[in-house]
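Biologist: Before we discuss individual assignments, please show me the sequence and the model. I shall then ask what each term rests on.

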Amino acid sequence: MTETAETIEDVEFLRVKFRELKTQAREELEVLRRDRDQMREYKQIRDEHNKEVKALIESVKAEREERDRINKEINEAKERRRAIHAQLKSVYDEIRELRSNLVGSPSNDQRRMMRRVEELEWRQQTEQISRDEEVSIIEEITRIEAQLVKIGEEKEKQDRISEQRRLARKLKEEASEAHAKVLQLSEQSQIHHQEVVRIRPQLEEYKKSADTAHKNFVEWLKKVKEGETRLKEQRSQIDDIQTKLRKQTVDKREVEREEHRVHQKAQERERVESAVEKLQSGKRLTFDEFILAQRTVTSDKKKSKKRGKKDVEEVDSEPAASIEAEEEPELDTDEITEEEPEIVEAEEPTVEENSEETPDE
């Protein structure tokens, strides 16, 4: 097998491999897109549930703070109620002590005794009484006045009892208000407590769902990374094959250009030799052939004077190069429009670049 045949076989093998890799890359990219969509779906579920968890935690925190604030007010109201009850007990103890020392009804006894004193004093002043009767009246008046003094003391006790009773009624009202406040605050505290109890199962459910979604997200993220690695390897192989195919194409073009240049030079040499031969043999020449032959002969004579006589083949070949430079410009081989083999660039992969970043965990 010739070298050209081997090269064609290698190129065909690379093209087949190139198409296979492109197909694999497209399939891998499609799988990667599906995996990314699944991964994003679990990430979205996780983030939404974590958002709900955060909101519920804030709600529980707010409910607990409000409940604790109310419980603090309840404790303050209870402490106030206990202090009032202690003070009320002290008041009732004092009232009982005052009552136990009372002799009778101070108001009735006092009025009756004062009327008796007035009668005795009136009798003493208006009636003719003996010395013994007068002494007896004075002694009775003295005794009654002593009792009035004692009754006055009882009156102070009665006034103290009345004052303490008013205080007791006031304290009872304050104690009732404190108790009512305790009951009201207890109901409010219970509402917030029940709200915490109600939220807690929801919170646990969302946390569980978020954990499950995160676990699934991590698994699909692993698949995505593995897919990206495989796709990267396939693209690397595609790039390598493209590079080789491009090199084969460039090398082939260079060979074709070189062959074309050699062919041009050979044609030009034939034209020069033909024109010179016609000139020397006296055959009819076209104007262009005459100019070409004349230039060649003149150039040959100049070279002969300088370097001496040379071989005819060298004389014939040297003017050809001169004619190429003087008569007509050399063709630009880059503008050659000869039909070229299949262009490798037409088979470049259309695999989309990964423009989406892999989401963070």
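**Terms set against values**

Modeller: Let me begin with Glu-140, which has a relative accessibility of 16% and is classed as buried. The model is a predicted one, in which local features require pLDDT of at least 70, side-chain atom pairs count only at pLDDT 80 or more, and totals for chains, interfaces and linings use all residues. Numbering starts from 1 along each chain as its sequence is written, and side-chain values use heavy atoms, with hydrogens and water left out.

Biologist: Why is Glu-140 called buried?

Modeller: Buried means under 20% relative accessible area, exposed means over 50%, and partly exposed lies in between (1.4 Å probe, protein chains only). The 16% of Glu-140 falls under the 20% limit, so the residue is buried.

Biologist: What makes the contact of Arg-116 and Glu-140 a salt bridge?

Modeller: The term requires a side-chain nitrogen of Lys or Arg within 4 Å of a carboxyl oxygen of Asp or Glu. For Arg-116 and Glu-140 the closest N and O atoms are 2.7 Å apart, which is within 4 Å, so the pair qualifies. This pair links distant parts of the chain: Arg-116 belongs to helix α2 (residues 106-126) and Glu-140 to helix α3, 24 residues apart. Arg-116 has a relative accessible area of 34% and is therefore partly exposed.

Biologist: How do you know that Lys-43, Arg-46 and Asp-47 form one network?

Modeller: Salt bridges that share partners join these three residues. Lys-43 and Asp-47 meet through their side chains at 3.0 Å, N to O, and Arg-46 bridges to Asp-47 with the closest N and O atoms 3.2 Å apart. Both distances are within 4 Å, so both pairs count. In the whole structure, a search finds 23 salt bridges.

Biologist: Why are Lys-43 and Asp-47 separated by about one helical turn?

Modeller: The two residues are 4 apart in helix α1, and therefore about one turn separates them.

Biologist: Which members of this network are buried, and which are partly exposed?

Modeller: Arg-46, at 9%, is buried. Lys-43, at 24%, is partly exposed, and Asp-47, at 30%, is partly exposed as well.

Biologist: What makes a segment a helix here, and how many does the chain have?

Modeller: Helices (H or I, at least four residues) and strands (E, at least two) are DSSP runs, numbered from the N terminus. On that basis the protein chain has 5 helices and 0 strands, giving the pattern α-α-α-α-α along the sequence. Helix α1 covers residues 3-100, and helix α3 covers residues 131-281.

Biologist: How do you know that His-49 and Tyr-206 are in contact?

Modeller: Contact means heavy atoms within 4.5 Å. Leaving aside neighbours within four places in sequence, His-49 meets this condition with Tyr-206, Ser-209 and Ala-210. The C-alpha atoms of His-49 and Tyr-206 are separated by 5.6 Å, although the residues are 157 apart along the chain. His-49 lies in helix α1 and, at 19%, is buried.

Biologist: Why do Ser-189 and His-192 count as buried, and what do they touch?

Modeller: Ser-189, in helix α3, has a relative accessibility of 9% and is therefore buried. His-192, also found in helix α3, is buried because its relative accessible area is 19%. With residues up to four places away left out, Ser-189 is in contact with Arg-67, Ile-70, Asn-71 and Ile-74, and His-192 touches Glu-63, Glu-66, Arg-67 and Ile-70.

Biologist: What makes Arg-99, Arg-165, Arg-166 and Arg-169 a patch of positive charge?

Modeller: Patch members have over 30% relative accessible area and no salt bridge; like charges are joined within 9 Å, and nonpolar side chains (Val, Leu, Ile, Met, Phe, Trp, Tyr) within 5 Å. Lys and Arg count as positive and Asp and Glu as negative, with His and the chain ends not counted. Arg-99, in helix α1, has 43% relative accessibility and is partly exposed. That value is over 30%, so Arg-99 meets the area condition. The largest share of the patch, 3 residues, comes from α3.

Biologist: What share of the whole chain is buried?

Modeller: Buried residues make up 25% of the 361 residues.
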